[in-house]
Every structure is written in C-alpha cells, then in structure tokens.
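Here are some short exercises to work through with the model open beside you. Try each task before reading its solution.

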Amino acid sequence: MQERLRTLKGCLAGCTLVALASCGGGGTAPSLSLGSGASAASSQEALHSGGKGPKVTRQTSGTTSSLIAVSAVNSRVVWASGRFGTFVVTTDGGATWRAGVVPGAEGHQFRDVQGVSDKVAYLMAIPSDDMTEPSRVYKTVDGGKTWTLQTQGRDNNEFFDCFAFWDAKSGIMMVDSVGDQLPIRRTLDGHTWMNIGDQLPPPLPGESGFAASGTCAATQGHRRAWITTGVPPANATDLWVTRVFRTTDRGQSWSVTTAPITAPNASFGGGASIAFRDAQHGILGGGDFGSTDVVPNFARSSDGGKTWKLGASAPIPGAIYGLAYAGHGRDDDDGDGDHGHDRGDDHGGSIRVVATGAAGSAWSADEGRSWTAFSGLTGFWGVDFANEQTGWLVGTRGEIVRIDF
C-alpha cells in the first residue's frame, strides 16, 4: 500500500488527470543553463480581464519542465520549482525569469520552494525518478549560482512532501509516515533539520501528505503551524480521511483533528493544501484526485484549525492541489485573537482566495463562499501571493501566469 501511494504521489505532479494511469516520470530533461534568462512576450498575453475580476497575464519562464511550487517573496522576487531539478527566479515581477538546474539533482522533482530574498532560497525534492536517491533539501545564498545539500531522507521510505517557514531560518517539513511515526523535520537555524516526529500523535496506517504544490503545511506568526494529510481507507467500503495537525509552539507539541474532505477507496484523496490568514481563520483544499466531477474540495476553520466545515466547492474537477490567500498575513501577531488583522468577519468580507488543480483554477472574493472559474487555466499546480494584489500560478510545461487584482 505505502509503495503504491508513493508511486502515485510521484506521478501526479507530472501528469494530467487523464494520464494518471500511465504516468511514470519519463521523458528527457531539457537542456538549461543557469544564465538562460527569458524575456516575457512583448504584450504578455492577457488571459482574463474585461474589467471584471483579476487580470491574468502569461509570463515566459525559460523552461519547458513542469513547475510544481511557487514562493513569492514580494511583488518583484519570486521563486518556482519543478521537474528535472529545475528552478526559476524573477527579480522584476516576472518581466524576465531565469531558469536553472541544480547540479546532481537532474533526476529529482522539486516539489516545494521557499524564497527568502533574491539571493536566498530553499528547495525540497522527492526521491529521484528511478527511486535510487532519497528526498532532499537544498539551499542557495547566492541567487541560485550554487546550492548546498542540507539534508536528505534516511532512505527512500522518507518521502518529503512540503515545508513552510516562520522566518528565514525556521521552518517545518512534512514527511510521510514511516511505521508508527510521522518523521516531521524542523530547522531553527536554517541549516540543520531535526526529526521531531516523536512530538506528534501517531499516524494512521498509510497516512501521507500530498506533494504537488508545496502547501500541505502552513505557518502563521512566529509559532503556529498546520499540516494536512490524507489517510487511506482500511477497507473497500470506507473513505479516504483528511486530518489536520496543529502546533502553537513551533512543533514542541501537536494536536490532530479530522476535516470533512473525503474520497472513495478507488481513488487517492484527502487534504492537499492549507493556509491561514491569521491565528484563527484558515482554509483547506483537497478532494478526490481521481474524479472528473466537482466534488467537496474546500473547507474553512475559524478556531485555529480545531474544527473544519465544508465551504462551497471550487469549480475544479477532482481535487484542489494548491490554494492561497491574496495577502495571507504571514507576519501577523501570534495571539489568540485577530488583533486587528482580520480583513473581514466570519461571513467572508472581501477576503480573496485563489485555488488551482490539474483540471482548473478559480478565485473567490469572499473566502470560498462563492467561486469564479478562470477561463482556460488548467494544468496549474502551485499558487502564491506576494500581497493582496499580486500573485502567481505555475504548472505544466513551465507555464507561469501572473494574477493582479
């Protein structure tokens, strides 16, 4: 069971829904050099405007490798990562992107990226395509000219899913269950990653994260973090279950709850993406990754992740792979209340959310009470926002679009 799940998880980020059964990470890596800067088309094709909703503009990434995760440092500096050891970075808001491949990582897929500045970034890779090399974390301090291998899995059973950071040197990383432990890793110095799995409640059999947007973990303020997982059913009549782990002390202690996003046994399902706009209010995406219908795929919490309620389903067939707030309050206070950071009430206000998956992308102006589909935006896996106005989607064949509200 565990090996089958890892094979499918490795497949998902390189394929469309219709190709999942035959996907295997094949293909050849494109030839890229670190200095291959690419200028966006002169008109930067506007895909969605007309005076209603956000403007969506194509950008030129400089790679044809599928991109899986994106991290917006600010409105000018953005990092993204993907297959064949590829990363891309812009320092001018996407007018130009520079693409590169980390030496020695050509067989890996970078399922997550954390940008700190135009010089500093972290990359997280799952095991190599041929499963001969374990998951890894790299870091650069010179804008991607060189990369340092910081840590790797003890073996291929340690499957890294995603990470999230409180600040430039402190973060948490989700790792699939191994035996009776979720071997979550944490860094507090930006260099050393330690296993803190003994601090978490024990996993359920086969419990794992979804490694195809880099958002199965979220942080808020200086101490809070959440991780969402999927739990396979014990028998053919049961459903996949979504669980959410939460900590308020940087991973020293954890509690866990379930969320009402499920999937049938024949599929792959559960929670895939989580985000919090303050200490209390969060959103959760996932669903049935094998379905071609719009299914329950979105939930909200207003009590710090202790409980979750289904919201309106985003008009994305199957599952949400990644979601983000437009302006997600990463520097908000750690207090139990909102302390003035709430940009609306529990009825949604004007809180914008963008969600994406293999079969579509959508946005909401009221924190997921209602949704509007982006026309023609399929095959995108990762989304992140620099602020309340500007964000990016990344996906297959190196596609990048900028979103401006």
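**Exercise 1: a sheet and its edges**

Strand β12 and strand β13 (residues 171-175) are antiparallel partners joined over 5 bridges. This is a predicted model, in which local features need pLDDT of at least 70, side-chain atom pairs count only at pLDDT 80 or more, and totals for chains, interfaces and linings use all residues. Residues are numbered from 1 along each chain as its sequence is written, and side-chain values use heavy atoms, with hydrogens and water left out.

Task: find which strands are the edge strands of the open sheet.

Solution:
- Recall the terms: strands are DSSP runs (E, at least two residues), numbered from the N terminus, and two of them pair if DSSP finds at least two bridges between them.
- Write down the order: the 4 strands run β12-β13-β14-β15, with antiparallel pairing.
- Pick out β12 and β15, as each pairs on one side only.
- For a residue-level check, A164 has I172 in β13 as its bridge partner.

**Exercise 2: a ring pair**

Task: classify the aromatic pair of F163 and W193 as stacked or edge-to-face.

Solution:
- Apply the rule: rings of Phe, Tyr and Trp (its six-membered ring) pair if their centres lie within 6.5 Å; planes under 30 degrees apart are stacked, over 60 edge-to-face, the rest tilted.
- Compare: F163 and W193 are 6.2 Å apart centre to centre with 15 degrees between the planes, hence stacked.
- Locate them: F163 is in β12 (residues 160-165) and W193 in the loop between β14 (185-187) and β15 (194-195), 30 residues apart.
- Check exposure: both F163 and W193 are buried (under 20% relative accessible area, 1.4 Å probe, protein chains only).

Technical notes. Buried means under 20% relative accessible area, exposed over 50%, partly exposed in between (1.4 Å probe, protein chains only).
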